[in-house]
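Please open the model in your viewer, with the sequence panel beside it, and follow the stops below in order. Each stop suggests a selection and then says what is to be found there.

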Amino acid sequence: MATAAAVAFVVYSCQRKLEVADEDMTDTPVMTVDSMYVIQTENGKIQMRMEADIMERYQRGDTLTFELFPKGIAVYGYNEDGLLESEILADNAKHSKFRDGRESWSAFGNVILKNVMNQEIMETDTLYWDQKNEKLYTDCYVRMYSPDGFMQGYGMESDQKAKNSVILKPFNSYGYVVQDSTDVAIDTVNFIGPLQKK
């Protein structure tokens, strides 16, 4: 008799309809990737490497898909010979894909852009990458350190490898001249062999 009552209870309790959640699901990622590691190559040569602790992909209707990197991102660019040329580090990043085929990248929060070969380091709060025109730019405050000195100002434009960075509205910048003509700069990131003693 007890078994029949238990079966009747289970059958009766399973007949209830499930309630539909009223929450807006557009703020929920459709995909999450932990420890992301991406390499882009062309003809067997590395062009770009990207690392992120977390990537979250969101979809808002049919018009826009975007990916957030809430725990930071590191992007490494390589030249034609496969040597490391540039680095971008940021606390956060966003990659948006639009229905018309456009894409946009933005990095924000303690953005550091390095050109390893030119020994230049640029710091800013927000950086944009125009993939179509192969250009990096920002309208924010920028500090740039190089072997030629220190520059600061508002706004910056550069090619996507950070070879030719230009501060658009500089102020209070200075440069210095190295008098030693025998001074040799060594690319310690790509250098293979023993380092010189100082």
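## The enclosed space

The largest cavity holds about 40 Å³ of space. This is a predicted model, and the count of cavities of 30 Å³ or more comes to 1. To see the walls, select Leu 113, Lys 114, Asn 115, Glu 120, Ile 121, Met 122, Met 144, Ala 162 and Ser 165, which line the largest cavity. Strands β7 and β8 each supply at least two residues of that lining, and by class the lining divides into 5 nonpolar, 2 polar and 2 charged residues.

## The whole chain

Now zoom out and colour the chain by secondary structure, which comes to 1 helix and 12 strands. Followed from the N terminus, the order of the elements is α-β-β-β-β-β-β-β-β-β-β-β-β. If you colour by accessibility instead, buried residues make up 29% of the 198 residues in the chain. Among the contacts with a separation of 6 or more, 36% are between residues 24 or more positions apart.

## The open pocket

Turn next to the largest pocket, in which about 870 Å³ of space lies. Its lining is made up of 36 residues, and those closest to the centre of the pocket are Gln 40, Met 48, Val 75, Trp 129 and Gln 160, which make a convenient selection for centring the view.

Which strands each supply at least two residues of the lining of the largest pocket? Select β1 (31-42), β2 (45-60), β4 (73-78) and β5 (84-90), and then add β6 (92-98), β7 (103-115) and β8 (120-130), for each of these contributes at least two lining residues. Coloured by class, the lining of the largest pocket shows 17 nonpolar, 10 polar and 9 charged residues.

## Aromatic rings

Show the side chains of Phe, Tyr and Trp, among which the count of aromatic pairs comes to 8. One of them is the pair of Tyr 58 and Phe 66, which is stacked, with 5.2 Å from centre to centre and 15° between the planes. Tyr 58 counts as buried at 8% relative accessibility, and Phe 66 is also buried, with a relative accessible area of 5%.

For another arrangement, select Tyr 145 and Phe 150, whose ring centres lie 5.2 Å apart and whose planes meet at 45°, so this pair is tilted. Here Tyr 145 is partly exposed, with a relative accessible area of 34%, whereas Phe 150 counts as buried at 12%.

Then select Phe 69, Trp 105 and Trp 129, which form one aromatic cluster. Trp 129 has already appeared on this tour, as one of the residues closest to the centre of the largest pocket.

## Ser 158 and its surroundings

Select Ser 158, which is found in strand β10 (residues 149-159). Is Ser 158 buried or exposed? Ser 158 is buried, because its relative accessible area is 5% and the cut-off for buried is under 20%.

With side chains displayed, look for a polar contact of 3.4 Å between the side chains of Ser 158 and Asp 159. A further polar contact, also listed at 3.4 Å, joins the side chain of Ser 158 to the side chain of Ser 165, and Ser 165 is one of the residues that line the largest cavity. If residues up to four places away in sequence are left out, Ser 158 touches Glu 134, Lys 135, Leu 136, Lys 163, Asn 164 and Ser 165.

## Two loops with positive phi

The last selections are in loops. Go to Asn 43, which lies in the loop between β1 and β2; the phi of Asn 43 is near 55°, a positive value in a residue other than glycine. Asn 43 counts as exposed at 75% relative accessibility.

Where does Gln 119 lie? Gln 119 is placed in the loop between β7 and β8, and although Gln 119 is not a glycine, its phi is positive at about 55°. Gln 119 is partly exposed, with a relative accessible area of 37%. The strands on either side of this loop, β7 and β8, each supply at least two residues of the lining of the largest cavity, where the tour began.

Definitions and conventions: Residues are numbered from 1 along each chain as its sequence is written. This is a predicted model: local features need pLDDT of at least 70, side-chain atom pairs count only at pLDDT 80 or more; totals for chains, interfaces and linings use all residues. Side-chain values use heavy atoms; hydrogens and water are left out. On a 1 Å grid over the protein atoms alone, a cavity is a set of points where a 1.4 Å probe fits but cannot get out, and a pocket is an open set with protein on both sides within 12 Å along at least five of seven lines; lining residues have an atom within 4 Å of a point. Grid points are joined across faces, edges and corners, and a volume is the space filled by probe spheres set on the points. Helices (H or I, at least four residues) and strands (E, at least two) are DSSP runs, numbered from the N terminus. Ala, Val, Leu, Ile, Met, Phe, Trp, Tyr, Cys and Pro count as nonpolar, Asp, Glu, Lys and Arg as charged, and the others, Gly among them, as polar. Buried means under 20% relative accessible area, exposed over 50%, partly exposed in between (1.4 Å probe, protein chains only). A polar contact is a pair of N or O atoms within 3.5 Å; within protein, one must be able to donate a hydrogen and the other to accept it, and residues adjacent in sequence count only if both atoms are side-chain atoms. Contact means heavy atoms within 4.5 Å. Rings of Phe, Tyr and Trp (its six-membered ring) pair if their centres lie within 6.5 Å; planes under 30 degrees apart count as stacked, over 60 as edge-to-face and the rest as tilted.
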